[in-house]
Amino acid sequence: MGIAYKDDINLPIQIGYFILQYANLRMLQFYYDFLDVYIDRSNFAYYEMDTNSAYIVLSGPDLPSVVKPEMQDEFPNFCPNLIVLDRDRIYLINMNESTVTKLVVDLPSKGSESFQIDYHQTKSYIYWVDPYYGTMHRTCYPCNDNERMIEEIIPKSSLYHPISFSIDSDNDHIYWSDSSYNAVIRSNLDGSNKTVIIKSSNGIGHLTLDVKNSWIYFMDDEIGTIERSTLDGNAKVVVISDSVMTKKSRILLDFEGGRIHWTVRNMIRSAFLNGSDIQEIKGYGNQNYRYSINGIAVYNDYLYYTNNWSGRYVNQVDRSGSNFARSAMVHDSINDMKIFNGRVKKDPCVTYKRLDNAEKRSTGFFADWTSEESISDDMLEEGWYRIYSDNGDDMPTTQLPGTKYCGTMNPFWLNGTLPKFVDGNTTVESCMQTNQSICEESVNIIIRNCDGYNVYYLRPTPANSSYCFGSGPVHCPASMSSETEYYPGCSSNFPTASLSVEVEALLTEGEIIPIPNLDPKPSLIPIFKCEFDDQSNGTYAYDVYWLICGNVIKNNTNLLFKDITNAIVLKETDWHGKYKMNMEVDVVDKDSVLKNRLCQSYNDPHFRTFDGRYYDYMGIGEFVMYKNDLGPYRVHALFTSCYDGSAGTSCICGIAIRSKESLFVLRTCRNISKTEKHLLQQPIVSLTSCDKTDMSIKNTNNNYKIILPIATEIQFSIARRFISVISIKPSVKDINTAKGLCGVPSTSKDPSDDFTHREKGAINNEKSFADSWK
């Protein structure tokens, strides 16, 4: 670069001096606006050198570890975070640490379609849409008030039906694609002032925003395109044409890489923002076309995604699809995810201290001062704690422990109730019980429900007192035992050997009952004998207890092994008149309410539902005959033309059966067609089995019988290189639950809901019903 200047102006020197002073200013800003704000001066040293460079020494391993406690929530987030949505919860996941923070639990609606999520970058709102019910909700994060609360933005009763959406954080708008209006709608952040931005004759699928450049990117459901327009709906152009896209495809803008990503079933495709340089990124794992990617996000050099094969995991690959890793796992199948660039609030459910081995704080533990040291929390460091105890982590609320219980002289109990998750941080009074009062002194503590466990903000208590947690008797340590295996009486001198005991049922000779014309013989009476081996060479004493229905009916204690013969035998006289040992078992077939129920599809094709409704349907392609989300369990059938040169009929040439994570597939055709048949010489059969208990498969002369774990039976036969018939016998687990071309089985054999549309519910049009299950 050349610089032109006049002789009387030393411009290069002025420029250089400005750059130097500006750099010094930035260094001062870093010190006073960052270091001095977030870190106490006792925890760092700042050295500025005469070379205009600076060095920092910290008292901890990294910056977050030395941040002032009161500034933890305000400290900027330098790590990649994901907000993740499954069917029940919203999570925040730190991808560096793989820590998972639950933000919301018990989501409303929970339709069968995948939820979608987005957030406002400055106003502390996280939004989500349920496209099945057409609802939109939001929650506040991060915030101090109303955290974990759910606010309804678009209710189920609304005339609008959002299926995909994106937040415009710069202009405080929500944009969503609406299936009721076949349009893109814009509203305020509270759902008010709704305006149609784009009207389409086709359905509009997933959409996303490029707010910086004022673009909307949206997918055309019908023709498989990604289009772009301005935020006011003008200047529409087609960016991507991809006929394989479906209404479940997702769009992601990668501003750093200058690319647009979209999902096609189990793959991710990518192109420049102008639609050129299309590339394909294979997802890791099962590549069966039935599986699809649900959520996708990008950060630096990595793509994060989830699919409906390993749905609970956040998967990570580089931009080429290589170097697969699983980054985190949540409770249920993930619906959607977004990189979260907003402020992160430290959650005590993740950042707590551990209070380990807290069993002796149980209300069932009575302190024996002759052998136990009293627990006292007078030196406890104030802060958030999670209690780890085999006896539970709940503080007692109603059953007062009593003095000398909970391992201390004066136990603290909770004078209130434990919070629910939605309550957030809850301040509750804890009371110290003494011989004079049940609440002689009190300490206010904070409790936070973490969806499965509680954390407690504890403060020091007076001397000779401590907090109670859990209930019930406390088990002896591993190196000790007692007569009951619980306190009191635990001792290292007590035998700790484990014995393998077997009870043998025998017949022994009883009294002789005379029978005319026969030789006298003794009767046979039943006895039970307890068999075990002595491991002490005769030095242990044994207590032998016989129980029936949990009740002790015979016991002998403190017996040496040589004296134990009678104690280990239970005779008829021990239970006679008290218990009836001849067991009577009533066997009830719960499936009898579905006796003679059968869904069938046989070629041409003809259908009969579980409740006996007959119909004809000549569709070509893959259809869902049976669907039960309990497993999940699925039966799909593949239909093609029955004859060459003839349209209007269809025959079965394939079947796919899913049971949980296992998949059985049989196919007799190479391709499907409306007018031609392309049959294989031999069927292709494949089985992807993750657990041998997922399904039972029997094949006899091309007659298959497959039984699912819920007792649903699928039978089919191969004849003339077609599958001639598919029969599905339902179980009680299918009642009012199963759906598909087989209809909905009911106990009353009511066919009125058999034509249950995949999305619209019960209808009367058999073609529309069957089309929806393709």
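These notebook entries record what I looked up in a predicted model.

**Entry 1. The annotated repeat**

I began with the UniProt record, an unreviewed entry, which lists residues 172–213 as "repeat: LDL-receptor class B". I then looked up the span in the model and found it to be 57% strand and 0% helix. The C-alpha atoms at its two ends lie 16 Å apart.

**Entry 2. Disulfides**

I next asked how many disulfides there are. The count comes to eight. I looked up three of them in turn.

The sulfur atoms of cysteine 140 and cysteine 143 are 2.3 Å apart, and the two residues form a disulfide. Cysteine 143 has 12% relative accessibility and therefore counts as buried.

Cysteine 349 is joined to cysteine 450 by a disulfide, with 2.0 Å between the sulfur atoms. The torsion about this S-S bond is about -85°, so I recorded the disulfide as left-handed. I then looked up which parts of the chain it connects. Cysteine 349 belongs to helix α2 (residues 348–351), while cysteine 450 sits in the loop between β31 (441–449) and β32 (454–458). The pair therefore ties together parts that are 101 residues apart in sequence. Both cysteine 349 and cysteine 450 are buried.

Cysteine 431 and cysteine 439 form another disulfide, the sulfur atoms being 2.1 Å apart. This link is left-handed, with -65° about the S-S bond. I noted that cysteine 431 is buried, at 1% relative accessibility, whereas cysteine 439 is partly exposed, at 28%.

**Entry 3. Two cysteines without a bond to each other**

Why does cysteine 530 not bond with cysteine 549? The closest cysteine sulfur to that of cysteine 530 is in cysteine 549, but it is 18 Å away, which is too far for a bond. I also compared their surroundings: cysteine 530 is buried, with a relative accessible area of 11%, and cysteine 549 is exposed, with 72%.

**Entry 4. The hairpin of β36 and β37**

Cysteine 549 led me to the hairpin of β36 and β37, where it takes a positive phi near 55°. Two residues lie between the strands. Strand β36 (residues 541–548) and strand β37 (residues 551–560) run antiparallel and are joined by seven bridges. Leucine 547 has valine 552 as its bridge partner in β37.

Which side chains of β36 point to the buried face? I found Tyr542, Val544, Trp546 and Ile548 there, while Ala541, Asp543, Tyr545 and Leu547 point to the other face and are not buried. In a regular strand, side chains alternate between the two faces of the sheet.

**Entry 5. Salt bridges**

Side chains of opposite charge can pair when their charged atoms come close. I found 26 salt bridges in the structure.

One of them joins arginine 138 and glutamate 151, at 2.9 Å from N to O. Arginine 138 is in strand β8 (residues 135–140) and glutamate 151 in strand β9 (residues 150–154), so the pair ties together parts that are 13 residues apart in sequence. Arginine 138 is buried, at 7% relative accessibility, and glutamate 151 is partly exposed, at 36%.

Aspartate 629 and arginine 634 meet in a salt bridge of 3.0 Å, N to O. Here aspartate 629 is partly exposed, at 47% relative accessible area, and arginine 634 is buried, at 18%.

I also noted that Arg89, Lys102 and Asp451 are linked in a network of salt bridges.

**Entry 6. A surface patch**

Lastly, I looked up a nonpolar patch on the surface, formed by Tyr47, Tyr55 and Val57. Together they have about 330 Å² of accessible area. Tyrosine 55 is in strand β2 (residues 54–58).

Technical notes
Residues numbered from 1 in each chain as written. Predicted model: local features only at pLDDT ≥ 70, side-chain atom pairs only at ≥ 80, totals over all residues. Heavy atoms only, no water. UniProt positions renumbered as here; feature names shortened; annotations may be inferred. Helix = DSSP H or I, 4+ residues; strand = E, 2+ residues; numbered from the N terminus. Disulfide = S-S within 2.5 Å. Buried < 20%, exposed > 50% of the residue type's maximum accessible area, 1.4 Å probe, protein only. Patch = residues over 30% accessible without salt bridge, like charges linked within 9 Å, V, L, I, M, F, W, Y side chains within 5 Å. Areas by Shrake-Rupley, 256 points an atom, 1.4 Å probe, with all protein chains shown as cover. Salt bridge = Lys/Arg side-chain N within 4 Å of Asp/Glu carboxyl O. Pairing = 2+ DSSP bridges.
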